[in-house]
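Hi,

Here is the structure I promised to pass on. Have a look at it first, and my notes follow below.

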Amino acid sequence: MASLNDISLRQLQYLVAVADLLGFRRAAEHCHVSQPALSAQIQQLEAVLGVKLFERDTRRVMLTPAGQELVGRARRVLTEAEDILKAASRMGDPFAGPLHLGAIPTVAPYVLPEVIPALVKHYPKLQLRLYEEKTALLLRDMAEGRLDAALLALDAEMDRAVEHEVLSEDPFVVAAPPGHPLERKKQVQLRDLDGENVLLLEDGHCFRSQTLALCTRVGAHEVDFRATSLTTLAQMVMAAGSVTLLPQLAVSRENRQGQLVVRPFAPPGPGRTLVLAWRPGHPRAEALRTIAGTLRSVWPGEARSARKPGAS
């Protein structure tokens with residue numbers, strides 16, 4: 001029977017690299033070793049475990065069913081090992097060294113340019129590494145240790161999967177072209193969207209999921225066009241003559257020329273809760289809570305006054 005002494009972290013790193021890149025040559029280049037050395041370590045790992053991890057032929061590499069299960073476990077082991085190193089290196093100063101921070105596309109361009117200078121000023125030893133991606137990928141990268149934290153819009157499922165600090169409440173508004181009937185209203189009721197043609201973001205954006213649920217509930221119709229960004233969404237309102245929903249956070253930038261008619265919802269209107277999130281058990285959790293406090297203090301836009309500071 002194999003023991004822990006028969007398996008090395010290096011072998012697990014090679015296993016994950018081959019699984020991610022689906023090629024021994026590419027994995028060897030990624031790990032900065034020769035292909036024969038990497039292949040030998042994978043073969044040794046297979047021998048120790050007594051299972052075949054990969055199917056190989058001249059054209060492709062595929063994970064076996066056993067390989068798929070063990071790769072997931074290997075990722076968790078490597079994440080925990082990385083956390084040990086990070087915890088040890090941060091004991092002297094948790095606000096020093098690299099901090100890998102992600103943000104969703106409907107937050108990043110409206111927040112990062114304003115808050116990053118404040119973080120640099122408050123934490124001069126912190127080395128920020130910034131990433132912009134959709135929610136699902138940010139959650140995956142946090143769970144697997146590639147990201148330390150992320151700026152996200154909270155939902156019920158995420159609330160159970162991450163620790164977080166609330167940064168801001170971000171209400172939704174309706175944006176319409178000039179001359180649209182909604183222009184006559186000071187505030188919009190959800191029922192006012194009944195029968196309206198509404199522009200939404202493409203699949204994968206959490207903001208799309210939130211707004212699509214609202215439109216479905218009130219009988220609005222999605223236009224047969226899906227935008228890749230809020231900027232495109234705002235521009236298409238003028239081109240298509242349809243309405244859309246925007247987060248308040250984005251209005252000052254996306255309507256800086258005043259080309260759109262923007263109306264708030266009558267309270268209590270729909271919106272989203274923006275948070276700084278990290279995986280449970282992160283070795284810098286207390287430092288991240290402190291950083292969240294700094295972010296709240298410099299949060300941009302009108303949504304700042306609506307924020308609800310508080311613990312997760």
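To start you off: is Leu-274 buried or exposed? Keep in mind while you look that this is a predicted model.

Leu-274 is buried, as its relative accessibility is just 1%. You will find Leu-274 in strand E11. Setting aside residues up to four places away in sequence, Leu-274 touches Val-107, Leu-152, Ala-153, Glu-165, Val-166, Leu-167, Ser-168, Asp-170, Leu-249 and Trp-299. If you want a distance to check, the C-alpha atoms of Leu-274 and Phe-207 are separated by 11 Å, with their positions 67 residues apart along the chain.

One of those contacts, Glu-165, turns up again in a salt bridge. The side chain of Glu-165 pairs with that of Arg-289 at 2.9 Å, N to O. Glu-165 belongs to strand E6 (residues 163-176) and Arg-289 to helix H11 (residues 285-297), so this pair links distant parts of the chain, 124 residues apart. On accessibility, Glu-165 is buried at 6%, whereas Arg-289 is partly exposed at 23%.

Now the salt bridges in general. The count comes to 20, and some of them join up: Asp-20, Arg-75, Arg-140, Asp-141, Glu-144 and Arg-146 are linked in a network. Two pairs from that group are worth pulling up on screen:

- Glu-144 and Arg-75 meet through their side chains at 3.8 Å, N to O. Glu-144 sits in the loop between helix H6 (135-143) and strand E5 (149-153), and Arg-75 is in helix H4 (residues 65-90), so the pair ties together parts that are 69 residues apart in sequence. Glu-144 counts as partly exposed at 24% relative accessibility, while Arg-75 counts as buried at 18%.
- Asp-141 and Arg-140 form a salt bridge with their closest N and O atoms 3.1 Å apart. Asp-141 is buried, with a relative accessible area of 14%, but Arg-140 is partly exposed at 39%.

Next, the N-terminal end of the numbering. UniProt, in an unreviewed entry, places "domain: HTH lysR-type" at residues 7-64. In the model that span is 62% helix and 10% strand, and its end C-alpha atoms lie 19 Å apart.

How do helix H1 and helix H3 pack, and at what angle? Helix H1 (residues 9-21) and helix H3 (residues 35-49) pack at about 105 degrees, with their axes 9 Å apart. Angles from 65 to 115 degrees count as roughly perpendicular, and H1 and H3 are therefore roughly perpendicular to each other. On the H1 side the contact is made by Gln-11, Tyr-14, Leu-15 and Val-18, and on the H3 side by Leu-38, Gln-41, Ile-42, Gln-44 and Leu-45. Sorted by class, that contact of H1 with H3 has 6 nonpolar residues, 3 polar ones and no charged ones.

Two backbone oddities come up along this stretch. Leu-22 is not a glycine, yet it has a positive phi of about 50 degrees. Leu-22 is in the loop between H1 and helix H2 (24-31), and it is partly exposed, with a relative accessible area of 41%. His-32, also not a glycine, has a positive phi of about 60 degrees. His-32 lies in the loop between H2 and H3 and is exposed, at 73% relative accessible area.

Finally, some prolines. Where is the cis peptide bond? It joins Pro-267 and Pro-268, with omega at about 0 degrees. Pro-268 is placed in the loop between strand E10 (261-264) and strand E11 (271-278), and E11 is also the strand that holds Leu-274.

Pro-178 is in another loop, the one between E6 and strand E7 (197-201). Pro-178 and Val-261 are 83 residues apart in sequence, but their C-alpha atoms are 5.8 Å apart in space. Val-261 is one of the contacts of Pro-178 once neighbours within four places in sequence are left aside, and the others are Glu-183, Met-238 and Gln-259.

That's it from me. Over to you!

Note on methods:
Residues are numbered from 1 along each chain as its sequence is written. This is a predicted model: local features need pLDDT of at least 70, side-chain atom pairs count only at pLDDT 80 or more; totals for chains, interfaces and linings use all residues. Side-chain values use heavy atoms; hydrogens and water are left out. Axes are lines fitted to C-alpha atoms, for helices over the stretch in contact, and angles run from 0 to 180 degrees between N-to-C directions. Helices (H or I, at least four residues) and strands (E, at least two) are DSSP runs, numbered from the N terminus. Angles under 35 degrees count as roughly parallel, over 145 as roughly antiparallel, 65 to 115 as roughly perpendicular and the rest as oblique. Contact means heavy atoms within 4.5 Å. Ala, Val, Leu, Ile, Met, Phe, Trp, Tyr, Cys and Pro count as nonpolar, Asp, Glu, Lys and Arg as charged, and the others, Gly among them, as polar. UniProt positions are given in the numbering used here, feature names are shortened, and annotations may be inferred rather than shown by experiment. A salt bridge is a side-chain nitrogen of Lys or Arg within 4 Å of a carboxyl oxygen of Asp or Glu. Buried means under 20% relative accessible area, exposed over 50%, partly exposed in between (1.4 Å probe, protein chains only).
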